[in-house]
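Visitor: Could you take me through the aromatic side of this one, up close? I'd like to see how any ring pairing sits among its surroundings.

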Amino acid sequence: MHSPEANLAAQQDITQLRAATCVLMTRFINGHHCPKLAHVIVHQLQRLLTHPALEHVPASQEMYRQLLEHWQRVAMSLLEQKNTRPTPSVYH
């Protein structure tokens with residue numbers, strides 16, 4: 001069994017991860033459609049999905065898994081769009 005201090009630290013870590021992830025998703029939704037931002041969101045969701053304090057919470061696991069799959073598709077789509085755009089010509 002974990003100490004109350006360890007449980008409190010784990011809950012604070014989860015709270016910070018969730019808040020940071022929400023801020024990033026809000027930034028993306030509000031128009032900052034950048035592949036790098038989508039990648040950071042994917043990374044944050046992976047951290048939440050694998051957080052030890054959440055490994056025995058099936059509802060959270062399922063929710064983060066679904067969000068992770070969605071944001072992975074978003075990130076891939078943005079990368080594909082970026083790679084198919086013609087590079088602008090620069091004349092000097």
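Guide: There's one aromatic pair in this predicted model. The partners are Phe-28 and Trp-71, with ring centres 5.0 Å apart and planes at 85°. Edge-to-face needs an angle over 60 degrees, so this pair counts as edge-to-face. Phe-28 belongs to helix 1 and Trp-71 to helix 3, so the contact ties together parts 43 residues apart in sequence. Both rings belong to buried residues: Phe-28 has 10% relative accessibility, and Trp-71 has 5%.

Now look at helix 2, because helix 1 (4-29) and helix 3 (58-84) are among what covers its buried residues. Those buried residues are Pro-35, Leu-37, Ala-38, Ile-41, Val-42, Gln-44, Leu-45, Leu-48 and Leu-49. As for its length, helix 2 runs over residues 35-49, and at 1.5 Å a residue its 15 residues should span 21 Å. The end C-alpha atoms are 21 Å apart, so the expected span and the model agree.

One last stop: the cysteines. A search of the whole structure turns up zero disulfides. Cys-22 is in none, its nearest cysteine sulfur being that of Cys-34, 19 Å away. A disulfide would need the two sulfur atoms within 2.5 Å, so that distance rules the pair out. As for exposure, Cys-22 is partly exposed at 46% relative accessible area, and Cys-34 also counts as partly exposed, at 25% relative accessibility.

Key:
Residues numbered from 1 in each chain as written. Predicted model: local features only at pLDDT ≥ 70, side-chain atom pairs only at ≥ 80, totals over all residues. Heavy atoms only, no water. Buried < 20%, exposed > 50% of the residue type's maximum accessible area, 1.4 Å probe, protein only. Helix = DSSP H or I, 4+ residues; strand = E, 2+ residues; numbered from the N terminus. Expected span 1.5 Å × (residues − 1). Contact = heavy atoms within 4.5 Å. Phe/Tyr/Trp six-rings, centres within 6.5 Å; stacked < 30°, edge-to-face > 60°.
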